[in-house]
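Colleague: I am new to this model and would like a close look at a single part of it. Please take me through that part slowly, with each term explained as it comes up.

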Amino acid sequence: MDTERLLEIGSRGIHLLFDTETIVSAFQQDADRLRGELDGRFDEVHFAIDGLVKIEAANEARDFIEDLPASVRHVLVLLYFELLDGKLRECAVLH
């Protein structure tokens, strides 16, 4: 998965890896509860990220994400948007 291309497309509001329902669900999570739920499961999140970057096609990546536990999906969504936000700030025109 070409993360730069993914973020460039995401900057236009097109989020290839996540459907709207998944995004909404992730942002509705209580951050402290989510952190607690994932406490000690770093390997699982790392596996998901590692697996994603090895997948070429967006539809295959979506299928991969769909099979993950909800808490891991939510973390991936939040990480993606954190990266996207950083990319947008980096490219912002400052006056």
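**A close look at helix 6**

Modeller: Among what covers the buried residues of helix 6 are helix 1, helix 2, helix 3 (31-38), helix 4 and helix 5 (58-66), where contact means heavy atoms within 4.5 Å, buried means under 20% relative accessible area and exposed over 50%, with partly exposed in between (1.4 Å probe, protein chains only), and helices are DSSP runs of H or I with at least four residues, numbered from the N terminus. This is a predicted model, in which local features need pLDDT of at least 70 and side-chain atom pairs count only at pLDDT 80 or more, while totals for chains, interfaces and linings use all residues. Residues are numbered from 1 along each chain as its sequence is written, and side-chain values use heavy atoms, with hydrogens and water left out.

Helix 6 has 22 residues and reaches 32 Å from its first C-alpha to its last, close to the 32 Å expected at 1.5 Å a residue, that span being 1.5 Å times one less than the number of residues. Its buried residues include S71, V72, R73, H74, Y80, F81 and K87.

From the other side of one such contact, helix 2 (residues 20-27) has T22, I23 and A26 as its buried residues. They lie on the same side of helix 2, because they cover an arc of only 100° around the axis, taken from the directions from the helix axis to the C-beta atoms. These buried residues pack against helix 6 (70-91), whereas the face turned away from the buried side of helix 2 carries the exposed T20 and E21.

Terms used:
Helices (H or I, at least four residues) and strands (E, at least two) are DSSP runs, numbered from the N terminus.
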